[in-house]
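Student: I am new to this structure and would like a close look at a single part of it. Which residues line the second largest pocket, and how do the strands beside it fit together?

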Amino acid sequence: MIAEAELLGELRRLRSRVPQVTGVLAASVDGLVLAQDAAESEAEAVAALTAAALGVGSRLTETTGQGRFRELLVRGADGYVATYAAGAHAVLTVLAEPRVNVGRLHLEARRSSTVIGELVDASAAATPPARVVPPRPVSPPVPVGPPAPVPIPVRRPGASGPRGGT
């Protein structure tokens, strides 16, 4: 079980170290919110988009021979969205004002992503894998042959009705 309080504590420390950060979110690599410290009420949507960005970023770095994904910085007209790999199971997304010192942002967010990665990876290692119960074997179907022949009534010549007479 991930210690959400520890994750939230690290997110708050990051915000205190970089005052221009407006929101932070720790998510699993498959897009589930682990912890957040933001005014944003759309944390689930941001986490899902972060997972998608992580997938694209990972594919891009691998395809271009740049190695494993580490971080992605997007600059919009009203600020930055930075995404950092946080161990094998998590990702850190940081929202910042346009006047943020990007070098400072990277320095502090990288430190936080390391801490978050250690917390989440340790939790994943401590959690026993789910017990998978194999499905019960299904009995083989009963062989079905061709349908039984249906007797067809044969009319004899000269028979006019069901009794054969006139």
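Tutor: A pocket here is an open set of points on a 1 Å grid over the protein atoms alone, where a 1.4 Å probe fits and protein lies on both sides within 12 Å along at least five of seven lines, and its lining residues have an atom within 4 Å of a point. The model is predicted, so local features need pLDDT of at least 70 and side-chain atom pairs 80 or more, while totals for linings use all residues. Residues are numbered from 1 along the chain, and side-chain values use heavy atoms, without hydrogens and water.

The lining you ask about consists of Val46, Leu49, Thr50, Ala53, Leu72, Val74, Val81, Thr83, Thr93 and Leu95. Two or more of these residues come from each of α2, β3, β4 and β5, where helices are DSSP runs (H or I) of at least four residues and strands (E) of at least two. The helix α2 gives the most, with four residues. Sorted by class, the lining holds seven nonpolar and three polar residues, and no charged ones; Ala, Val and Leu count as nonpolar, and Thr as polar. The space in this pocket is about 220 Å³, a volume filled by probe spheres set on the points.

For comparison, the largest pocket holds about 290 Å³, and among its 17 lining residues Arg68, Phe69, Arg70, Ala85 and Ala86 lie nearest its centre. The elements giving two or more residues to that lining are α2 (43-63), β4 and α3. Its classes come to eight nonpolar, four polar and five charged residues, whereas the second largest pocket has no charged residue in its lining.

Turning to the strands, five of them form an open sheet in the order β2-β1-β5-β4-β3, with antiparallel pairing, two strands being paired if DSSP finds at least two bridges between them. Because β2 (33-38) and β3 (71-76) stand at the edges with a single partner strand each, one side of each is left without a neighbour in the sheet. On average, neighbouring strands are turned by 10 degrees against each other, direction ignored.

The edge strand β3 pairs in the antiparallel sense with β4 (residues 79-86) over six bridges, and a hairpin of two residues joins β3 to β4. Within this pair Leu72 stands opposite Thr83 in β4, and both Leu72 and Thr83 belong to the lining of the second largest pocket.

Elsewhere on the sheet, helix α1 (residues 4-17) packs against it and touches β1 (21-28), β2 and β5 (90-96), contact meaning heavy atoms within 4.5 Å. The direction of α1 makes about 35 degrees with that of β2, on a scale from 0 to 180 degrees between the N-to-C directions of lines fitted to C-alpha atoms.
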